[in-house]
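Biologist: Could you take me through one part of this model slowly, as you would for someone in their first year? I would like a close look at the sheet in one of the chains.

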Amino acid sequence: MQLFAIVAFSQIPEEVLTAKGITLPSIPASIGTYTSIVRSGNLLYLSGRGPLQANGKYITGKLGKDLNTEQGYAAARLCAIAQIAVLKTELGNLSKIKRIVKVTGFVNGIDSFTDQPKVINGFSDLMVEIFGAKGIHSRSAIGVASLPSGWPVEVEMIVEIED
Amino acid sequence: MQLFAIVAFSQIPEEVLTAKGITLPSIPASIGTYTSIVRSGNLLYLSGRGPLQANGKYITGKLGKDLNTEQGYAAARLCAIAQIAVLKTELGNLSKIKRIVKVTGFVNGIDSFTDQPKVINGFSDLMVEIFGAKGIHSRSAIGVASLPSGWPVEVEMIVEIED
Amino acid sequence: MQLFAIVAFSQIPEEVLTAKGITLPSIPASIGTYTSIVRSGNLLYLSGRGPLQANGKYITGKLGKDLNTEQGYAAARLCAIAQIAVLKTELGNLSKIKRIVKVTGFVNGIDSFTDQPKVINGFSDLMVEIFGAKGIHSRSAIGVASLPSGWPVEVEMIVEIED
């Protein structure tokens with residue numbers, strides 16, 4: 001991971017995405033009274049997002065019952081891809097990103113499930129794969145009883161952009 | 001909603017509140033080591049709030065068991081009215097608000113309850129009714145197992161004000 | 001509490017810690033793709049932390065089942081000591097802190113546990129004991145079904161520092 005981070009850091013994020021075979025999904029425009037992203041000063045606040053698959057459908061299920069930790073990691077990685085798609089639409093150019101500042105990951109699990117950090121690593125790891133050292137962030141990983149539409153994981157984040 | 005948002009945008013928030021028959025409650029001064037609102041730069045961080053009714057009492061109960069989605073929506077709307085009361089006390093003039101930046105809504109529900117977004121819409125919709133386009137925000141809606149005093153919903157937010 | 005806060009305000013935080021017999025623990029350097037703290041402008045975003053004891057081990061258990069409210073308060077106080085240790089490592093001098101801006105406390109409890117605020121007071125109270133009026137913050141206290149490694153409480157925060 002650390003070696004890859006250094007390599008990625010010298011590339012532009014869009015090229016890393018292509019090299020990894022990641023296609024950014026189309027995120028439906030927000031309908032109604034909230035939206036996917038709001039800018040305030042140099043900070044971008046991104047709404048919580050679930051694990052959107054390439055086929056346009058979301059993964060559902062509860063950790064410790066329907067999904068194991070590896071499947072949770074994969075779901076969190078899909079949340080990360082969806083958030084990068086939101087950033088790409090907002091910024092046009094992902095090199096405008098100065099730092100992934102803060103990530104909050106909510107994991108839908110049974111009461112006895114305590115590997116929330118291993119699940120949210122699926123999100124964190126992709127941020128560093130794509131953005132290198134700029135992708136290293138502060139973070140909280142929380143276990144919850146339920147999430148919208150039965151998602152196993154929902155992740156929001158704050159991103160700082162260049163002036 | 002969109003039409004109303006445009007109309008509201010040309011009015012001052014206090015007039016919209018009056019036109020809608022909304023009276024802002026008196027929020028008790030925080031006692032102790034935390035407070036209702038803290039300013040940092042141009043951002044206001046508002047503490048999480050529950051559904052305070054006009055009679056000074058809070059709604060309690062769990063979504064999917066004690067309250068249905070419509071009742072949850074109404075409770076989230078009460079959280080929004082309470083947060084606007086906090087903003088009015090802090091700012092004096094609600095026209096100083098530049099943008100509702102971020103909303104985080106926690107919904108106290110049974111494990112199988114997955115309509116957190118429909119509940120938190122009660123908060124989001126009121127923000128746009130009162131502040132127009134400035135009220136459109138980024139958002140997370142999360143399901144949790146319990147909340148202070150048995151509230152069905154608790155909502156915190158970040159607001160940007162004019163220089 | 002209020003009297004103590006005034007006294008503390010005229011002292012430097014490190015002296016208050018010593019006077020109270022609090023030794024800051026050594027926080028292991030973050031390994032991997034996230035970290036304990038990220039600075040953006042004048043704001044420090046601290047990752048969520050659990051109740052780290054002086055012996056290097058974490059308290060575990062669920063409120064309302066394994067721990068009572070007083071034990072939860074003590075656990076939240078340990079989270080606060082750990083976060084102050086992170087700040088000390090980052091800043092060198094705790095007097096650089098301008099304001100504790102926002103605290104979010106997650107309490108791992110049974111469904112019927114509703115005293116999250118009394119638990120998180122263990123965190124909030126220590127902030128004011130150490131930083132005086134600068135320690136008064138906005139806050140949310142949330143009940144959740146599970147936390148990493150079975151922690152009873154996890155707390156994250158945002159801190160503003162002097163220019």
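**The sheet of chain B**

Modeller: Happy to! In this predicted model, chain B has an open sheet of five strands, arranged in the order 1-2-5-3-4 with mixed pairing. Start at the edges, where you will find strand 1 (37–40) and strand 4 (138–144) of chain B. Each of these has a single partner strand, so one of its sides is left without a neighbour in the sheet. As you step from one strand to the next, the twist averages 15°.

Now look at strand 3 (residues 97–108) and strand 5 (residues 153–161) of chain B, which run antiparallel and are joined by nine bridges. To find your place in chain B, look for R99(B), which stands opposite E160(B) in strand 5.

Next, add the helices. Helix 3 (residues 69–91) of chain B packs on the sheet, where it touches strand 1, strand 2 (43–49), strand 3 and strand 5 of chain B. The direction of helix 3 of chain B makes about 40° with that of strand 5 of chain B. Then there is helix 4 (residues 116–131) of chain B, lying across strand 3, strand 4 and strand 5 of chain B. Relative to strand 3 of chain B, helix 4 of chain B runs at about 160°.

So much for the tour: try tracing the strand order 1-2-5-3-4 of chain B yourself, then place helix 3 and helix 4 of chain B on the strands they touch or lie across.

How values were computed. Residues are numbered from 1 along each chain as its sequence is written. Chains are lettered from A and ligands numbered from 1 in the order in which they are written. This is a predicted model: local features need pLDDT of at least 70, side-chain atom pairs count only at pLDDT 80 or more; totals for chains, interfaces and linings use all residues. Two strands pair if DSSP finds at least two bridges between them. Helices (H or I, at least four residues) and strands (E, at least two) are DSSP runs, numbered from the N terminus. Axes are lines fitted to C-alpha atoms, for helices over the stretch in contact, and angles run from 0 to 180 degrees between N-to-C directions. Two residues are in contact if their C-beta atoms, placed from the backbone, lie within 7 Å.
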